[in-house]
Amino acid sequence: MELIAIDGAIGPASADYVHRGLERAAKSGAQLVVLRLDTPGGLDSSMREIIKDILASPVPVAAYVAPSGARAASAGTYILYASHVAAMAPGTNLGAATPVSIFNAEKSKSGKADDGPDTMTRKVVHDASAYIRGLAQLRGRNADWAERAVREAVSLSADEALQQKVIDLVAADVPQLLERIDGRVLDLNGKKITLATRGAATTAFEPDWRTRFLGIITDPTIAYALLLLGIYAILLEFSHPGLVAPGVVGTVSLLVGMYALHLLPVNYAGLALILLGVGLMVAEAFVPAFGSLGIGGVIAFVVGSVMLIDTDIPGFGVPLPLVLGFAAASALLLIGVATMALRARRRPVVSGGETMIGSVGEVLEDFDGEGWARVQGETWRVKSPAPLKAGQRVSVAAMDGLVLKVEPMNGA
């Protein structure tokens, strides 16, 4: 027997973990996979991937909500309905399977609940209701209550779920679960199989490094930080060509962050606002906009960061303090760059042709019109509207290519 445990919100890492666990169980010839659940819900896409794997699995799956005090809320309820055997430990609960959406959350915050659900909300709820009803009919469980769990967000305790035929049994632990399902006949992809699980040993399937890495980078906070680290590191490389390290680190971080965001429910308008905000803050350092570009960039950056993850599911949002921290750091960096640019602009010119204007030189030979003079320790070809004599002091009035236009100094 294989034991797979999902603790916490269901995301891309959970889907990958279950997929690999079922694959291993099929290759090892396991008779049963026990999927232990304790989850508040999760992403719809990840939940559907898990359910597809369960429905296609050549090994029966027993979903078990445990230990006592655990729950299979929202997405966990769908997975429980999809499994060949549904069991719960005493003191657990399931239900509240209404799809969560940012649009619903914003609507409830606005206090316009009496307007009724909008078209998109109705479509999502109807789709979820039909989905869970289909799973209930497939496994011969209470389809009416399943639909209520979606439409009315109702929940049940373990004993109530057993009474209403939402689950198959209540068991205190895994050994008791295996003992109570021993001899049960299941329909596995059109084939009838009889379980022989009494006293069977269970082997826990631990996540491998790939699943653990996926779990780390698909944390919205980590993905958000990788995205910004990549952007700023690449900007540093462009502003200081040849450093190499910022370019390498930035490219790797940006690619990993974009891959993680690809697996998450991203609002691309939010992502565009983040990129626009960074672009405006960078432009402020090069365009004399008197702070308007920078302020607009910070506002776009904050709004885009708040909008980035398009879900209201707990555990899948970017913390507001992190957003404000990055915004403050970006604003301070912007202020620092702008301050240094202003200081550099106020400094006197110390190189180039502009420094020659007004310089004093000494004529090296007598000439009328064009000749040679020494200016700033260098010998220059010079032109003068008046005849000049050797040793006479002159002032540079203009510069025409490599020829200086000079005028005799008064009293020279």
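**Exercises on helix packing and burial**

In α13, the buried residues (under 20% relative accessible area with a 1.4 Å probe, protein chains only) are Gly-294, Gly-297, Ala-300, Phe-301, Gly-304 and Ser-305. They cover an arc of only 125 degrees around the axis, judged by the directions from the helix axis to the C-beta atoms, which puts them on the same side of α13. The structure is a predicted model, in which local features need pLDDT of at least 70. Residues are numbered from 1 along each chain as its sequence is written.

**Exercise 1.** Find which exposed residues lie on the face of α13 turned away from its buried side.

*Solution.* Take the helix first, which spans residues 292-307. Then turn to the face away from the buried side, where Ile-295, Ile-299 and Val-306 are exposed (over 50% relative accessible area).

**Exercise 2.** Determine how α10 and α12 are oriented to each other.

*Solution.* Begin with the axes, which are lines fitted to C-alpha atoms over the stretch in contact: those of α10 (residues 220-239) and α12 (residues 268-284) are 12 Å apart, at an angle of about 30 degrees. Next apply the cut-off, by which angles under 35 degrees count as roughly parallel; α10 and α12 are therefore roughly parallel to each other. Finally, list the residues in contact (heavy atoms within 4.5 Å): among them, Tyr-224, Leu-227 and Leu-228 belong to α10, and Leu-271, Ile-274 and Leu-275 to α12.

**Exercise 3.** Decide whether Ala-146 is buried or exposed, and name what it touches.

*Solution.* Locate Ala-146 in helix α6 (residues 143-151). Its relative accessibility is 0%, so Ala-146 counts as buried. Leaving out residues up to four places away in sequence, Ala-146 touches Tyr-81, Ile-132 and Ala-136.

Terms used: Predicted model: local features only at pLDDT ≥ 70, side-chain atom pairs only at ≥ 80, totals over all residues. Heavy atoms only, no water. Helix = DSSP H or I, 4+ residues; strand = E, 2+ residues; numbered from the N terminus. Expected span 1.5 Å × (residues − 1). Axes fitted to C-alpha atoms, helices over the stretch in contact; angles between N-to-C directions. Parallel < 35°, antiparallel > 145°, perpendicular 65-115°, else oblique.
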